[in-house]
Amino acid sequence: MPRRGYDLPDALPLFPLGGAVLLPRTRLPLNIFEPRYLQMVEDVLKTPERLIAVIQQLDDDGALATVGAAGRIVGFSEDEDGRYMIALGHVARFRLLSVDEGFSPYLTGRVKWSGQDEAPAAAADKDWDRTRFLSLLRRYMDGHELSTDWDAARDADAELLVNSLAMALPFEAQEKQALLEARDACARRELLEGLLEYELRGGDSDEVLQ
């Protein structure tokens with residue numbers, strides 16, 4: 001599948017992470033120090049596409065999610081101790097078809113690409129009440145002793161704000177996965193609002209928030 005001057009391959013190196021997803025128009029910074037993943041980065045940098053498959057590890061037994069997102073290495077530096085600091089820019093979602101424990105020290109996976117991520121930028125979310133959303137977010141963040149730049153949040157592009165929050169907020173792995181798999185930006189915003197409301201109710205879905 002052609003994209004940005006390179007083809008999306010049928011197999012990718014897998015980087016399993018717990019509680020981390022990569023969403024459209026975002027970047028994911030990673031501190032790489034395990035020898036197998038240092039080797040993975042070195043191998044990926046030799047390829048024209050420079051893609052790494054970010055996929056959630058859903059439990060302690062190493063079970064992987066069925067949907068992940070490929071990120072292209074868009075930033076790279078090496079520390080004096082040999083660690084790599086990289087930044088991955090979102091390219092496209094994929095469905096994991098199979099895992100190959102071959103000759104490399106890291107896992108690789110056969111993937112099927114999602115055509116949804118090839119679409120133009122998301123249309124405006126006409127149903128979004130930004131003021132109500134930010135009120136929910138402020139109450140959630142106060143309750144979790146978190147902080148943010150509220151001036152930037154008020155002015156931020158809607159899709160970028162929602163995706164950045166979906167990546168950064170301390171939701172459970174299954175909730176993060178649902179946000180990743182949302183069909184589009186509007187559905188992701190609706191789900192994020194629902195998760196904030198649920199947390200603020202303390203899990204009591206019968207209470208109505210104003």
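So, burial to start with: of the 210 residues in this chain, 44% are buried. Keep in mind that this is a predicted model. On the outside, the chain exposes about 11,400 Å², and carbon and sulfur atoms supply 47% of that.

Now the contacts. If you take the contacts with a separation of 6 or more, 65% of them come from residues 24 or more positions apart.

Okay, the layout. We've got six helices and eight strands. Walking along the sequence, you read β-β-β-β-α-β-β-β-β-α-α-α-α-α. I'll spend the rest of my time on the helices, and helix 6, residues 185–200, will come up a lot.

Let's take helix 2 first, that's residues 130–143. How do helix 2 and helix 6 cross? Their axes come within 10 Å, at roughly 45°. That angle makes helix 2 oblique to helix 6, and the crossing is left-handed. Who's touching whom? On the helix 2 side you have R132, F133, L136, L137, R139 and Y140, and they meet L192, E193, L196, E197, E199 and L200 of helix 6. Sort the residues of that contact by type and you get seven nonpolar, five charged and no polar.

Next up, helix 4, residues 158–168, against helix 6. Here again the axes come within 10 Å, and the crossing angle is roughly 50°. Helix 4 and helix 6 are therefore oblique to each other as well. And the handedness? Helix 4 passes helix 6 in a left-handed crossing. The residues making this contact are E159, V162, N163 and L165 from helix 4, with A185, R188, R189 and L192 from helix 6. By type, that's four nonpolar, three charged and one polar. If you're following along on the screen, look at L192: helix 6 uses it here against helix 4, and L192 is also on the list for the helix 2 contact.

Last one, helix 5, residues 173–181. Which residues of helix 5 are buried? Those are E175, K176, Q177, L179 and L180, so to speak a mixed bag by name, with a glutamate, a lysine, a glutamine and two leucines. And what do the buried residues of helix 5 pack against? On the strand side, there's strand 5 at 51–56, strand 6 at 67–78 and strand 7 at 84–100. On the helix side, they pack against helix 4 and helix 6, the pair whose axes we just saw crossing at roughly 50°.

Terms used. Residues are numbered from 1 along each chain as its sequence is written. This is a predicted model: local features need pLDDT of at least 70, side-chain atom pairs count only at pLDDT 80 or more; totals for chains, interfaces and linings use all residues. Side-chain values use heavy atoms; hydrogens and water are left out. Axes are lines fitted to C-alpha atoms, for helices over the stretch in contact, and angles run from 0 to 180 degrees between N-to-C directions. Helices (H or I, at least four residues) and strands (E, at least two) are DSSP runs, numbered from the N terminus. Angles under 35 degrees count as roughly parallel, over 145 as roughly antiparallel, 65 to 115 as roughly perpendicular and the rest as oblique. A crossing is left-handed if the near helix is turned anticlockwise from the far one by less than a right angle, and right-handed if clockwise. Contact means heavy atoms within 4.5 Å. Ala, Val, Leu, Ile, Met, Phe, Trp, Tyr, Cys and Pro count as nonpolar, Asp, Glu, Lys and Arg as charged, and the others, Gly among them, as polar. Buried means under 20% relative accessible area, exposed over 50%, partly exposed in between (1.4 Å probe, protein chains only). Accessible areas come from the Shrake-Rupley method with a 1.4 Å probe; for residues, only the protein chains shown count as cover.
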